[in-house]
Amino acid sequence: MQNKFTDVLPLSRRALLRYGAAASAFSFAPGLVTSSFGQDRSKTLVIAAPATPLSLDVENSLSPGTIDTVAAFYDYLIGFGTVPDSVEGVMREDLQPRPDLPGGYNLKGMLAESWDYAADGKSVVFTLRQGVMSNWGNELTAEDVKYTFDRKFEVKGAGAFMTFVMGLPDKDAVKVVSKYVVSFTLNDPNPILMIVCGHLANPIFDSTKCKEMATADDPWARGFLDTNVAGFGPYALKDITRGQQMVATARPDYYGEKPFFETVVFREVPTSASRLQLLLGGAVDIAQNLAPTEMKSLEGNADATVTSIEASQMLWIELNTAFAPLDNIKVRQALNYAMPKDEVVETIMQGFGKKMTTFMPDFYPGATAEFYDYDFDIEKAKALLAEAGFADGFSSVLAYNAGIPFEETIAIMYQTALKKIGVTLELKKLPAGTFFDSLVKRSEPMIFNLDAPFTPDPGFSLNLYFHSGSFLDFSNYKNEEVDGLIKTSLSTLVKEDRFAATAAAQKIINEEAPWTLIANPGFQLAHGKDIGGIVYYTSNRLNFQDYKRV
């Protein structure tokens, strides 16, 4: 089966990013934790989350719940080494390119104990750890890696994009060399092959269990893996009841370092106010997705705090160039100048995060704000509209996600600012499920997006959002020169050439402004003060196995 860029186009963003906004009527009972898992609360981590995972299979969903749980059950061939963050007591992935190291980065072996990355960037051979067992008691072999990538080609979920950016031309590119050795062979050099192997959407499956659970109608065990796990990670699934909770237990036979927490309870608590109260009352250790004002209220609290970390998350508005007058560059530039970014960060976001000045996370290698010039300037916005032939303004529609409360507040602030340049903006509140349908279908002229490129590379990031063939090009942005520069960045191993190409692409994208830039919200973790071991990942996930009581 040939791997073409068009193979990923039909992939529904809703299938990847469904947030599951349906509110649960299940009330959280603090006593449930101790009654279910004994009186020793010290070894139980309790998380209050907006929703339980929509799926435990990354090919079916990359919803926030899935992102936060998949790495507990699955392991990867490799991962980034870590370095201290600027926040005391926090570690983060070491993202800096290291051409002196195999694969070009500071990588650590996980399921792979070693690898031989070819100097021409066209192949890598992984030697797997021996004696690694899955949660079903099956030993890891090269057949599991082969099965995992065959499944990606056949299922065409998130893996379709993964195999494309890894440069795998077809299933035959992944070969079993021996019981514990597997090879990847490409047609062209790929400078990010190694780091994409550690992408959140590239876990290795237990092929023995998956084949056992396959049926004629479901040859790749999608139904089974939707609510079960078959992996080599540090935790096993004890129970999942959607709309209520998921429970994970540490595996005594895990090959790596044993997690501090023996049990993790991932509870669905739909309202952020309820999550905050549970944290304040000590019933949970982590409260996810609190409103900025709620996080602010934790300042000076004796028992709970917020750890705020520079992160890959970006918040912006897609300017759909298929709609007039958004097909006009000057109009799009004007809409950028009219966004009061500093005010959004200071008031709505309560100082959490910072204004957005790049079209990718600004701490990624190769990202540059050199070409940014979109600070709030109403007069400049007016002048640009006049140059575009819209001196009297125009009317448009801005859709936002009802599941993310601050989007509505930002939309109202933006609506007010745009009135000053004659633009009338109709605000369209969409339920989470409908919202992602609209995003995927590109049916709205203007629509919010909150996302992050998980692989910390400029070529990967630009390819994800701005290549004219990408399924995430929700602004319908098309520029052949940008496409060519992105291709160059992903097909040469010379760092200077790669970054020169991505810098040139960023300059063009900045000038043509297919997004209205807003903010980098950062990674905000509200937690009890006795929770330590925090590690930041560019996937913005929780990693249960990192946490410990301090």
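The side chain of N479 forms a polar contact with the side chain of E512 at 3.2 Å, a polar contact being a pair of N or O atoms within 3.5 Å in which, within protein, one can donate a hydrogen and the other accept it, and residues adjacent in sequence count only if both atoms are side-chain atoms. The model is predicted: local features need pLDDT of at least 70 and side-chain atom pairs pLDDT 80 or more, whereas totals for chains, interfaces and linings use all residues. Residues are numbered from 1 along each chain as its sequence is written, and side-chain values use heavy atoms, without hydrogens and water.

N479 lies in the loop between α16 (458-466) and α17 (480-489); helices (H or I, at least four residues) and strands (E, at least two) are DSSP runs numbered from the N terminus. Its side chain also reaches the backbone nitrogen of V482 at 3.0 Å. N479 has a relative accessible area of 14% and is therefore buried, the term meaning under 20% with a 1.4 Å probe and protein chains only.

Strand β7 (residues 123-128) has alternating side chains: V124, F126 and L128 point to one face and are buried, while S123, V125 and T127 point to the other and are not. Strand β6 (residues 112-117) runs antiparallel to β7, joined by five bridges; pairing requires at least two DSSP bridges. Within this pair, Y117 stands opposite V124. Five bridges also join β7 to the antiparallel β9 (residues 181-185), where T185 is the bridge partner of S123.

F126 recurs in the largest nonpolar core, of 158 residues, where F126, F184, Y414 and F448 touch the most other members. Such a core comprises buried Ala, Val, Leu, Ile, Met, Phe, Trp, Tyr and Cys residues joined through side-chain atoms within 4.5 Å.

Terms used: Buried < 20%, exposed > 50% of the residue type's maximum accessible area, 1.4 Å probe, protein only.
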